[in-house]
Amino acid sequence: MQARLRAMQARLNGTPHLRRLGRLFSETVLLKVDEAEYYLVFDRGALAAIQCGPSRKTPWRFALSTDAAALEAFWQARPEPGFHDIFGLVKIGRGRVDGDILALVKNLRFFKEFMALGREVEEVPA
Amino acid sequence: MSGTIEAITGRYLNLDLGGRAHRVYFEEAGQGRPVLCLHTAGADTRQWRHLLNDAETTGSNRLIAFDMPWHGKSLPPEGFETEEYLLTTEAYIETVLAMVEALGLERPVLAGCSMGGRIALQLAALHPERFTGFIAIEASDFQPAWYDIDWFHRPDAHGGEMGAALVSANISPHAPAAERWNTQWMFMQSGPGVFRGDLSFYTRDDSLIGRLGAIDTARTPVHLMVGAYDLTCTPEDARRTAAAIPGATLAVMDELGHFPMSEHPTGFRPYFLEALARMPDTARRAA
């Protein structure tokens with residue numbers, strides 16, 4: 001998962017339109033996959049750091065919780081219905097959004113396109 | 001230099017709605033049986049442009065689509081600047097019936113998507129004599145909101161961009177990228193508070209539920225269509241709704257979402273032609 005996230009980080013940094021969309025987005029997002037926690041520290045549209053948790057000391061603005069199988073299905077090039085969007089995961093009971101949902105919605109295109117970057121990268125061994 | 005002019009023509013109709021003057025934009029193409037097409041919440045007639053440009057469809061059907069007041073090129077009524085736009089079932093029904101009358105449409109087929117499908121089912125229950133049949137796309141008895149509609153009208157954010165990003169959840173990954181983004185562009189362009197006002201109707205008025213059983217499909221057929229990737233009106237929602245209408249038929253479209261005619265025109269076309277084939281052709285019968 002960390003390797004995938006690092007690949008997404010590199011891809012984000014090489015995607016000018018996403019950097020532009022996220023230019024006002026400097027927040028920490030908690031991505032929870034099963035029991036594993038990843039704190040994604042965004043700084044003006046760049047993913048500045050990926051910190052592995054769990055950490056009770058790291059504040060986050062909003063969190064997306066899901067499971068590894070659902071995330072893998074989400075990252076297919078043409079996902080099955082329900083797995084095609086983060087709100088789809090929520091709708092089918094395989095995902096949950098917590099925290100400041102309005103902060104997510106205000107930056108929804110940016111965050112959804114960031115999450116979808118995982119569809120375009122092959123996971124490489126850590 | 002050469003260009004291509006499409007077969008679609010657009011005009012403006014001035015009429016009274018709710019006792020107030022309105023200027024409503026409509027466009028049409030084709031000849032034959034009239035088919036009145038209703039767009040979804042937060043969008044406009046452009047969602048139907050692919051079918052209006054489809055020669056096989058318009059060869060025997062006169063497709064007409066109009067922008068609801070406040071939408072697309074239809075202006076809001078005078079004094080809108082101090083009003084809160086909130087669509088109601090009553091106002092929506094009045095608008096559709098007024099358009100049918102003003103355009104002189106003789107018992108058209110009514111085809112509506114999402115909130116347009118919802119109102120098509122309301123009209124099937126309340127005013128069936130004005131129509132030949134009903135095609136209800138991504139339509140259900142009632143949908144509670146899985147979002148806060150107030151997200152889409154606030155001073156510190158762009159409601160159109162947020163709305164577009166949210167509704168992208170309802171677009172199939174099979175949709176071609178160009179049409180996915182054209183579909184979202186309409187939401188991005190939507191006037192402030194309009195998507196919210198449409199959603200108020202769509203997510204708060206459940207009056208259709210008790211009316212479904214009264215729809216007489218022997219007199220006016222009802223065909224529902226739903227995309228498998230639609231998170232807002234899911235196939236389960238459409239099945240429940242179809243089951244409550246005696247004689248209604250349903251098509252589940254495996255690779256489509258909530259805006260099928262707009263997001264994936266070639267994928268939707270055969271389903272729409274099949275739906276039209278299920279509708280009585282009064283024009284042909286009279287000929």
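These are my notes on a predicted model with chains A and B.

**Entry 1: the A/B contact.** I began where the chains meet. Chain A puts 14 residues into the contact, and chain B also supplies 14 residues. I sorted the chain B side that touches chain A by class and got 11 nonpolar, 2 polar and 1 charged residues.

**Entry 2: a helix pair across the contact.** Next I looked up helix α6 of chain A (residues 108–116) and helix α5 of chain B (residues 159–167). Their axes come within 8 Å and cross at roughly 30°. Angles under 35 degrees count as roughly parallel, so I put α6(A) and α5(B) down as roughly parallel to each other. From α6(A), the contact uses Leu108(A), Arg109(A) and Lys112(A); from α5(B), it uses Glu161(B), Met162(B), Ala165(B) and Leu166(B). By class, that makes 4 nonpolar, no polar and 3 charged residues.

**Entry 3: strands in chain A.** I then followed β1 of chain A (residues 28–33). Strand β1(A) runs antiparallel to β2(A) (residues 36–43), and 6 bridges join the two. Thr28(A) has Val41(A) as its bridge partner in β2(A). The hairpin of β1(A) and β2(A) has 2 residues between the strands, and I noted a positive phi near 55° at Asp34(A). Strand β1(A) also pairs with β4(A) (residues 62–66), this time in the parallel sense, over 5 bridges. There I found Lys32(A) opposite Ser65(A).

**Entry 4: the sheet in chain B.** I traced an open sheet of 8 strands with mixed pairing, in the order β1-β2-β4-β3-β5-β6-β7-β8. At its edges are β1 (9–17) and β8 (249–253) of chain B, each pairing on one side only. Neighbouring strands are turned by 20° against each other on average, direction ignored. Inside this order I checked β3(B) (residues 33–38) against β5(B) (residues 109–113): they pair in the parallel sense over 4 bridges. Cys37(B) stands opposite Ala111(B) in β5(B).

**Entry 5: helices on that sheet.** Helix α3 of chain B (residues 89–102) lies across β1, β2, β3 and β4 of chain B, and I have it running at about 115° to β1(B). Helix α8 of chain B (residues 235–243) packs on the sheet too, touching β7 and β8 of chain B, with its direction at about 170° to that of β7(B).

**Entry 6: one loop residue.** Last, I looked up Asp205(B), which is in the loop between α7 (194–204) and β7 (222–227) of chain B. Is Asp205(B) buried or exposed? Neither label fits: Asp205(B) has 18 C-beta neighbours inside 10 Å, so it counts as partly exposed, since buried takes 20 or more and exposed takes 12 or fewer. I also took the C-alpha separation of Asp205(B) and Tyr147(B), which is 16 Å with the two 58 residues apart along the chain.

Note on methods. Residues numbered from 1 in each chain as written. Chains lettered and ligands numbered in written order. Predicted model: local features only at pLDDT ≥ 70, side-chain atom pairs only at ≥ 80, totals over all residues. Contact = placed C-beta atoms within 7 Å. Nonpolar A, V, L, I, M, F, W, Y, C, P; charged D, E, K, R; others polar. Axes fitted to C-alpha atoms, helices over the stretch in contact; angles between N-to-C directions. Parallel < 35°, antiparallel > 145°, perpendicular 65-115°, else oblique. Pairing = 2+ DSSP bridges.
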